[in-house]
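Dear colleague,

I am passing on to you the structure we spoke about, with the sequence alongside. Please look through it first, and then read the notes below.

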Amino acid sequence: MLAEFFTAISTASSMKLSRDTVHVMGKYFPKFEPLPQFSMLSSLEASFFQSSWTLSPAFFGGCPNLQSLILDLNDYLGSEKQLIKLLDVRQGFFSTLKFVKLTMPLADRATPTNLALAAYFLRNCDVLEKLSVSAAFSFNILDQIKKVPKKSLRCEIVVVD
């Protein structure tokens, strides 16, 4: 039933996935079924539990036309190496991504892992136009992000509430 549901929504152009939905997907896919391709998906907003990040390479790899990505980092507590490994997806993902927003609660403070995630997008996205980070990223981390060499020279980095 779950596979049928995700296959039915695989033609969506925009999607918002809650932590619970991503968690269920991580428990089911790819243990029982391969994850469907979301070839028409251009906009995604997702929240991930730390345990569900293992799903991300398969999921993002199935989104070859993704242009906008909003990631909620509230519950990611893993290491930088784990994060980069989990985001290591097919090149197609990076050739279309124009907008990335990284959010976290203001009460939290960005960590070196959050810096690594921002840097990862800046270094790998061919056509990235804007990287938005929440105000929870401290000035020190923001200064470091701004020093990262960008693959897309026209990319701007902005702070949002």
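Of the 161 residues in the chain, 45% count as buried, and you should keep in mind from the start that this is a predicted model. The accessible surface of the chain comes to about 8300 Å², and 55% of that surface belongs to carbon and sulfur atoms. Among the contacts in the chain with a separation of 6 or more, 83% are accounted for by residues 24 or more positions apart.

As for the overall layout, the chain holds seven helices and six strands, and reading along the sequence gives the pattern α-β-α-β-α-β-α-α-β-α-β-α-β. The six strands form an open sheet with parallel pairing, in the order β1-β2-β3-β4-β5-β6. The edges of this sheet are taken by β1 (14-17) and β6 (156-160), and because each of them has a single partner strand, one side of each is left without a neighbour in the sheet. Direction ignored, neighbouring strands of the sheet are turned by 10° against each other on average. As general background, the strands of a sheet pair through backbone hydrogen bonds, either parallel or antiparallel.

At one edge, β1 pairs with strand β2 (residues 43-47) in the parallel sense, over four bridges, and within this part of the sheet M15 stands opposite L44 in β2. Helix α2 (residues 19-28) lies across β1, β2 and β3 (68-72), and runs at about 90° to β1.

At the other edge, strand β5 (residues 130-134) is joined to β6 by five bridges, and the two run parallel; here S132 stands opposite V158 in β6. Between these two strands the chain crosses from β5 through α7 to β6, and this β-α-β crossover is right-handed.

Which residues of helix α7 (residues 139-146) are buried? They are I141, L142 and I145, and seen down the axis of α7 these buried residues fall within an arc of 100°, so they line one face of the helix. The general rule behind such a pattern is that an α-helix has 3.6 residues a turn, so residues three or four places apart point the same way. The face of α7 that is turned away from its buried side carries the exposed residues F139 and N140.

Two individual residues in this part of the chain may help you to find your way around. S132, which lies in strand β5, counts as buried because its relative accessibility is 2%, where the cut-off for buried is under 20%. Leaving aside residues up to four places away in sequence, S132 touches F99, V100, K101, L102, V158 and V160.

The other residue is L128, found in the loop between α6 (112-124) and β5. Is L128, in that case, buried or exposed? With a relative accessibility of 1%, L128 counts as buried, and its contacts, again not counting residues up to four places away in sequence, are with L97, K98, F99, V100, F121, L122, S152, R154 and C155. R154 lies 26 residues from L128 along the chain, yet the C-alpha atoms of the two are separated by 7.6 Å. Both F99 and V100 are thus touched by L128, and they also appear among the residues that S132 touches.

With kind regards

Notes: Residues numbered from 1 in each chain as written. Predicted model: local features only at pLDDT ≥ 70, side-chain atom pairs only at ≥ 80, totals over all residues. Heavy atoms only, no water. Pairing = 2+ DSSP bridges. Axes fitted to C-alpha atoms, helices over the stretch in contact; angles between N-to-C directions. Contact = heavy atoms within 4.5 Å. Buried < 20%, exposed > 50% of the residue type's maximum accessible area, 1.4 Å probe, protein only. Arc of directions from axis to C-beta. Right-handed = clockwise from strand over helix to strand, strands pointing away. Areas by Shrake-Rupley, 256 points an atom, 1.4 Å probe, with all protein chains shown as cover.
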